[in-house]
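This briefing sets out selected local features of one protein model, grouped by topic. Please consult the sequence and the structure shown here while reading.

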Amino acid sequence: MTAARPPEFPMFVSVDEARRMLAALLPPPETEWVGVGQAHGRTLAEPLTALVSHPSATESALDGIACRATDTLTASQSTPTRLQVTGESRAGVPFAGTVGPGECIRIYTGAPMPAGADAIAPVEQLLDDGPEFVMVQRPASPADVRPEGGDFRAGEQVMPAGLLLTAPRVALAAALGHARIPVRRKLRVALLSTGDEVIEPGLPLLPGQVYDSNRIGLSAMLHDSGCEVLPLGHAPDSPAALQAAIDSIGGADLLLTSGGVSMGKYDFMRDLLIGQGRVSFWKVRMRPGGPALLGGWNGLPVFGLPGNPVSSLVVFHVIVRPALTGQPVQTLRLRAATPFRGIPDKMAFWRANIVGGGVHDYGQQGSGVLRSLSEAGALVVVPEGGGVAVGEDVDVVLL
């Protein structure tokens, strides 16, 4: 009896290897310029330098008065210091004069500091003494003065290339003075779900059927990763239907599928790529999500996710998203409040909740328990063959 020939592609690669191999098949980043208001969710292609300083002038952090700190050193509620008010400064309309000994001006948050003043007394610590004088009930604080350029200075490189542009980051880009910014062209990802049991949400559900939650969840995760999604809908468990769906793709950088890549008789996506396409690897040493497959079809990279919903979304989170965005998986180091078991030769990603600075096992870890990804706040990473005891520090991926 002739022994079975080993496959011509790697099997059981590590999570890091899977991530690197997928990234290597994607096209190199291309740069395009967009208005800063349209940059949310994109990836910054080049470093951004400040065109202006912020604050643009030394200014007040509070509403109150601007004065000389030395004039108020002995101020208290029982013995307040009396200062003469000689003007005011507000945002956009600064005071043009100089504050001398025994003088102050009224000032408002964000307003430029006048010459001669170096401290702020907040309005809560002031008592009016007629129209031209105030009584200061505690020493004025230089700490409430924002120095010019204290946030960033003109010419300073503030934002490095490769950042995913979140809402705070696009706000920062605008504050730097940029109306248009360079971003990476969106990767165009075709998305296909498979399986005879999968039906569209809203239709009557027969025994053994399941709604197409993978396609909905993966589409959302692709959008969150800054990709353009090319929806291919759903294909049944048929080699001809799968091939027709794949052949219909035009202009994609990647095909992402769910289902059809495990060990079963009807896992036709696996058979199609092995028989007529190209396979870069099959199976990853991880749980959940081990059956993932990377390959190609007529020059188009194909990443096949498992059909089980938890496996599909976890593999996307820890392998596909980092490859698409160029951003590593973000982890925290936390204390284990419950034990987490290890698996020989597999990296485990156990669902968990963070409570009071510790991380607790969620409980149900089945790859079909989709509600666990909604209710759990994190994945605890247990290295291959390891195991985590109560009180040990672990890497935690936030969901």
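Rings of Phe, Tyr and Trp (its six-membered ring) count as a pair if their centres lie within 6.5 Å; planes under 30 degrees apart are called stacked, those over 60 edge-to-face and the rest tilted. By that criterion, a search of the whole structure yields one aromatic pair. The model is a predicted one, in which local features need pLDDT of at least 70 and side-chain atom pairs count only at pLDDT 80 or more, while totals for chains, interfaces and linings use all residues. Residues are numbered from 1 along each chain as its sequence is written, and side-chain values use heavy atoms, with hydrogens and water left out.

**Aromatic pair**

- The partners are phenylalanine 281 and phenylalanine 303, which meet edge-to-face with 6.3 Å centre to centre and 75° between the planes.
- Phenylalanine 281 belongs to strand β19 (residues 278–284) and phenylalanine 303 to strand β22 (residues 300–305), so the pair ties together parts that are 22 residues apart in sequence.
- Helices (H or I, at least four residues) and strands (E, at least two) are DSSP runs, numbered from the N terminus.
- Phenylalanine 281 is buried, at a relative accessible area of 0%, and phenylalanine 303 is likewise buried at 0%.
- Buried denotes under 20% relative accessible area and exposed over 50%, with partly exposed in between (1.4 Å probe, protein chains only).

**Charges over rings**

- A charge sits over a ring if NZ of Lys or CZ of Arg is within 6 Å of the ring centre and within 35 degrees of the ring normal.
- Arginine 82 lies over the face of phenylalanine 133, at 3.7 Å from the ring centre.
- Lysine 283 lies over the face of tryptophan 282, at 4.6 Å from the ring centre.

**Pairing of strand β6**

- Two strands pair if DSSP finds at least two bridges between them.
- Strand β6 (residues 81–89) runs antiparallel to strand β10 (residues 133–136), and four bridges join them.
- Within β10, methionine 135 is the bridge partner of arginine 82.
- Strand β6 is also joined by four bridges to strand β7 (residues 103–107), and these two run parallel.
- Within β7, cysteine 104 is the bridge partner of valine 85.

**Helix α3**

- The expected span of a helix is 1.5 Å times one less than its number of residues.
- For the 12 residues of helix α3 (residues 213–224) this gives 16 Å, which agrees with the 17 Å between its end C-alpha atoms.
- The buried residues of α3 are Asn214, Arg215, Leu218, Ser219, Met221 and Leu222.
- Seen down the axis of α3, these buried residues fall within an arc of 165°, so they line one face of the helix.
- The arc is that of the directions from the helix axis to the C-beta atoms.
- The packing partners of the buried residues of α3 are β14 (188–194), β17 (228–235), β18 (254–258), β22 and α6 (309–325), where contact means heavy atoms within 4.5 Å.
- Glycine 226 follows α3 and has a positive phi, near 80°.

**Buried polar residues and their contacts**

- Aspartate 144 is placed in the loop between β10 and β11 (145–146), and at 17% relative accessibility it counts as buried.
- Leaving aside neighbours within four places in sequence, aspartate 144 is in contact with Glu59, Ser60, Ala61, Leu62 and Ile120.
- The C-alpha atoms of aspartate 144 and alanine 119 are separated by 6.8 Å, although the residues are 25 apart along the chain.
- Serine 311, in helix α6, is buried with a relative accessible area of 4%.
- Leaving aside neighbours within four places in sequence, serine 311 is in contact with Pro288, Gly289, Pro306 and Ser367.

**Backbone geometry**

- Histidine 54 and proline 55 are joined by a cis peptide bond with omega about -5°; proline 55 is in the loop between β3 (48–49) and β4 (59–60).
- Arginine 287 and proline 288 are also joined by a cis peptide bond, with omega about -5°; proline 288 lies in the loop between β20 (286–287) and β21 (293–297).
- Lysine 283, in strand β19, has a positive phi near 85° although it is a residue other than glycine, and it is buried at 13% relative accessible area.
- Aspartate 345, also not a glycine, has a positive phi of about 65°.
- Aspartate 345 is located in the loop between β23 (331–336) and β24 (347–355), and at 56% relative accessibility it counts as exposed.
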